[in-house]
Amino acid sequence: MNKPTGNLRDLIILCNNNIKGLTKREEIKKYIPIECEKISIEEDNNKLVFKQDNVIIKNVWIDTNCYSNLEILKVIAQIYNIEFKSEEILELIKFKNKIVLMLL
């Protein structure tokens with residue numbers, strides 16, 4: 001699979017800048033719906049729906065009008081074969097760096 005481009009790339013950068021934080025629904029909505037290669041992301045009521053090959057692979061639910069950056073990144077990273085191990089600080093740093101390398 002090619003490197004992420006367009007709105008998908010912008011969404012990844014937005015979430016990766018504050019990996020443990022939350023992003024307001026309005027900010028996320030600037031980038032979706034996303035339709036590229038084998039992944040699509042759209043908002044349906046109070047959740048983001050991630051599809052690969054037109055099959056739902058994961059939903060990320062809204063929490064206090066925000067989405068979890070880490071939950072979004074975990075789904076996208078899985079599609080690009082980047083493994084998420086744990087929320088320990090060292091593992092989060094490794095995960096974040098792998099995402100940056102994916103974008104280069």
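1. Let me start with the helix pair that caught my eye: helix 3 passes helix 4 in a left-handed crossing. This is a predicted model, so read everything below with that in mind. The two axes come within 12 Å and cross at roughly 55°. Helix 3 and helix 4 are therefore oblique to each other. On the helix 3 side the contact is made by Leu-70, Leu-73, Lys-74 and Ala-77, and helix 4 answers with Leu-92, Phe-95 and Ile-99. If you look along helix 3 there, bear in mind that an α-helix has 3.6 residues a turn, so residues three or four places apart point the same way.

2. Helix 4 also packs against helix 1, at an angle of about 155° and with the axes 11 Å apart. That angle is over the 145 degrees cut-off, so helix 1 counts as roughly antiparallel to helix 4. The contact is made by Arg-9, Ile-12, Ile-13, Asn-16 and Asn-17 from helix 1, together with Lys-96, Ile-99, Val-100, Met-102 and Leu-103 from helix 4. This crossing, between helix 1 and helix 4, is left-handed. Ile-99 is worth clicking on: it is listed in the contact with helix 1 and also in the contact with helix 3.

3. How much of helix 3 is buried? Eight of its 11 residues are, so helix 3 is largely enclosed by the rest of the structure. The buried set consists of Asn-69, Leu-70, Ile-72, Leu-73, Val-75, Ile-76, Ala-77 and Ile-79. Just past the end of helix 3, Asn-81 takes a positive phi of about 60°.

4. Now the core. The largest nonpolar core has 29 residues, and Leu-11, Ile-41, Phe-50, Ile-72 and Ile-76 are the ones with the most contacts inside it. At least two core residues come from each of helix 1 (6-17), strand 3 (39-44), strand 4 (47-52), helix 3 (69-79) and helix 4 (89-103). Helix 3 gives the most, with seven residues.

5. Ile-72 makes a good viewpoint on that core. Leaving aside residues up to four places away in sequence, Ile-72 touches Leu-11, Cys-15, Ile-28, Leu-48, Phe-50, Val-60 and Tyr-67. Two of the names in that list, Leu-11 and Phe-50, are also among the core residues with the most contacts.

6. Asn-69 is the one I'd look at twice. Asn-69 lies in helix 3 and, at 1% relative accessibility, counts as buried. With residues up to four places away in sequence set aside, Asn-69 touches Cys-15, Asn-18, Ile-19, Gly-21, Leu-22 and Thr-23. Cys-15 turns up here and among the contacts of Ile-72 as well.

7. On to charges: the count comes to eight salt bridges. Arg-25 pairs with Glu-43, with the closest N and O atoms 2.8 Å apart. Arg-25 lies in helix 2 (residues 25-29) and Glu-43 in strand 3, so the pair ties together parts that are 18 residues apart in sequence. Arg-25 is buried, with a relative accessible area of 17%, while Glu-43 is partly exposed at 23%.

8. Glu-71 and Lys-58 form another salt bridge, their closest N and O atoms being 3.9 Å apart. Since Glu-71 sits in helix 3 and Lys-58 in strand 5 (residues 55-61), this pair ties together parts that are 13 residues apart in sequence. Both ends count as partly exposed: Glu-71 at 24% relative accessibility and Lys-58 at 35%. Elsewhere, salt bridges that share partners join Arg-25, Lys-29 and Glu-43 into one network.

9. Glu-27 also forms a salt bridge, with Lys-30, and here the closest N and O atoms are 3.0 Å apart. Is each partner buried, partly exposed or exposed? Glu-27 is partly exposed, with a relative accessible area of 30%, whereas Lys-30 counts as exposed at 57%.

10. Last, a loop residue. Asp-63 is found between strand 5 and strand 6 (66-68) and counts as partly exposed at 45% relative accessibility. Asp-63 and Asn-16 are 47 residues apart in sequence, and C-alpha to C-alpha they are 18 Å apart in space. Asn-16 is one of the helix 1 residues in the contact with helix 4.

Technical notes:
Residues numbered from 1 in each chain as written. Predicted model: local features only at pLDDT ≥ 70, side-chain atom pairs only at ≥ 80, totals over all residues. Heavy atoms only, no water. Core = buried A, V, L, I, M, F, W, Y, C linked by side-chain atoms within 4.5 Å. Buried < 20%, exposed > 50% of the residue type's maximum accessible area, 1.4 Å probe, protein only. Helix = DSSP H or I, 4+ residues; strand = E, 2+ residues; numbered from the N terminus. Contact = heavy atoms within 4.5 Å. Salt bridge = Lys/Arg side-chain N within 4 Å of Asp/Glu carboxyl O. Axes fitted to C-alpha atoms, helices over the stretch in contact; angles between N-to-C directions. Parallel < 35°, antiparallel > 145°, perpendicular 65-115°, else oblique. Left-handed = near helix turned anticlockwise from the far one by under 90°.
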